[in-house]
Amino acid sequence: MKPELIQKEHYDRISSDYQAHYDDEASRRYRDRFIYPLLLGGIDFSGARVLEAMCGSGQVTRQLLGRGAFVVGLDVSHAQIELFRRRFPQCATVRASVTDLGFQDASFDHVVVMGGLHHTHPSLEEAIVEIHRVLKPGGCLCFCEPHTGSLPDAARKLWYRIDPLFTSNEASLDLAKLKRMFADRFTFGPDHYLGSIGYLLIFNSLVLRVPLWLKRAYSPALMPVERALNAMLRKQTSCFMVSQWRKR
């Protein structure tokens, strides 16, 4: 089965649980505090046409609209696109694969991907080529993904094999390899390595099967702990990374 069909069936099946855990107040606060300042920082989105690729229900769209962007949401999952449409009726939507976007060249000022690229194996490079195609020169690919070369990734590989919440084509990104492949197409911003106990217990409460009532109870206390630990993390000890790549 093609990777995009695997993901479509998977997210159509878990859509309601995914929405409940990844778009609750605690997860929104986590993203607002730790992810979005790095994912979207330094870019003027006012009046920009932005593609949120693999958008799900639009986790980043709320932030993008608040920064003045015109957002198009794209996802392969019918259930996720329907959620997006209900939440953001003012935004255009497309149900399609990121490997075949269907837009004209240089259609978007920026493309944002929140935890979607690691779902595209073995077509990851094809997806990045397609994103590059629809970006305008000087536009940014802003992304947040799990990465290889860390202690958490070693545990993640085992977890991916045994947990039915993950599909067979999910794998962390090898950033060094990708940068070698795309050095002639992008200039690379700094890589920010983040994610410790708060990332696991707040942002990934679905994966750990944490009841939402319990998550609400402990999240306020974990946020300052996460901030302190993030300041000490490096590539080898972090759970995920955030970066911006600018099209040449």
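Helices and strands here are DSSP runs, numbered from the N terminus. By that numbering, Pro 122 sits in the loop between β4 and α5. The model is predicted. This briefing covers two helices, one helix pair and three loop residues.

**Loop backbone**

- The peptide bond from His 121 to Pro 122 is cis. Its omega is near 5 degrees.
- Met 54 has a positive phi, near 55 degrees, and is not a glycine. Met 54 belongs to the loop between β1 (49-53) and α3 (61-66).
- Met 54 has a relative accessible area of 18%. Buried means under 20%, so Met 54 is buried.
- Ala 106 is another non-glycine residue with positive phi, near 55 degrees. Its loop joins β3 (92-95) and β4.
- Ala 106 has 32% relative accessibility, so it counts as partly exposed.

**Helix α5 and its surroundings**

- Helix α5 spans residues 124-134. Its buried residues are Leu 124, Ala 127, Ile 128, Glu 130, Ile 131, His 132 and Val 134.
- Several elements help cover these buried residues. Among them are the strands β4 (108-114), β5 (135-145), β6 (186-188) and β8 (240-247). Helix α7 is also part of the cover.

**Packing of α5 against α7**

- Two packed helices are described by the angle between their axes and the distance between the axes.
- Helix α5 packs with helix α7 (residues 175-182) at an angle of about 50 degrees. The axes are 12 Å apart.
- That angle makes α5 oblique to α7.
- The crossing of α5 past α7 is right-handed.
- On the α5 side, Leu 124, Glu 125, Ile 128 and Val 129 make the contact. On the α7 side, Lys 177, Leu 178, Met 181 and Phe 182 do so.
- Leu 124 and Ile 128 appear in both roles: they are buried, and they contact α7.

**Helix α6: two sides**

- Helix α6 runs over residues 151-162. Asp 153, Arg 156 and Tyr 160 are its buried residues.
- Viewed down the helix axis, these buried residues fall within an arc of 50 degrees, so they line one face of α6.
- Leu 151, Ala 154, Arg 161 and Ile 162 are exposed on the other side of α6.
- Ser 150 makes a contact at the start of α6. A side-chain oxygen of Ser 150 comes to within 3.1 Å of the backbone nitrogen of Asp 153. Asp 153 is also one of the buried residues of α6.

Definitions and conventions:
Residues are numbered from 1 along each chain as its sequence is written. This is a predicted model: local features need pLDDT of at least 70, side-chain atom pairs count only at pLDDT 80 or more; totals for chains, interfaces and linings use all residues. Side-chain values use heavy atoms; hydrogens and water are left out. Buried means under 20% relative accessible area, exposed over 50%, partly exposed in between (1.4 Å probe, protein chains only). Helices (H or I, at least four residues) and strands (E, at least two) are DSSP runs, numbered from the N terminus. The arc is that of the directions from the helix axis to the C-beta atoms. A polar contact is a pair of N or O atoms within 3.5 Å; within protein, one must be able to donate a hydrogen and the other to accept it, and residues adjacent in sequence count only if both atoms are side-chain atoms. Axes are lines fitted to C-alpha atoms, for helices over the stretch in contact, and angles run from 0 to 180 degrees between N-to-C directions. Angles under 35 degrees count as roughly parallel, over 145 as roughly antiparallel, 65 to 115 as roughly perpendicular and the rest as oblique. A crossing is left-handed if the near helix is turned anticlockwise from the far one by less than a right angle, and right-handed if clockwise. Contact means heavy atoms within 4.5 Å.
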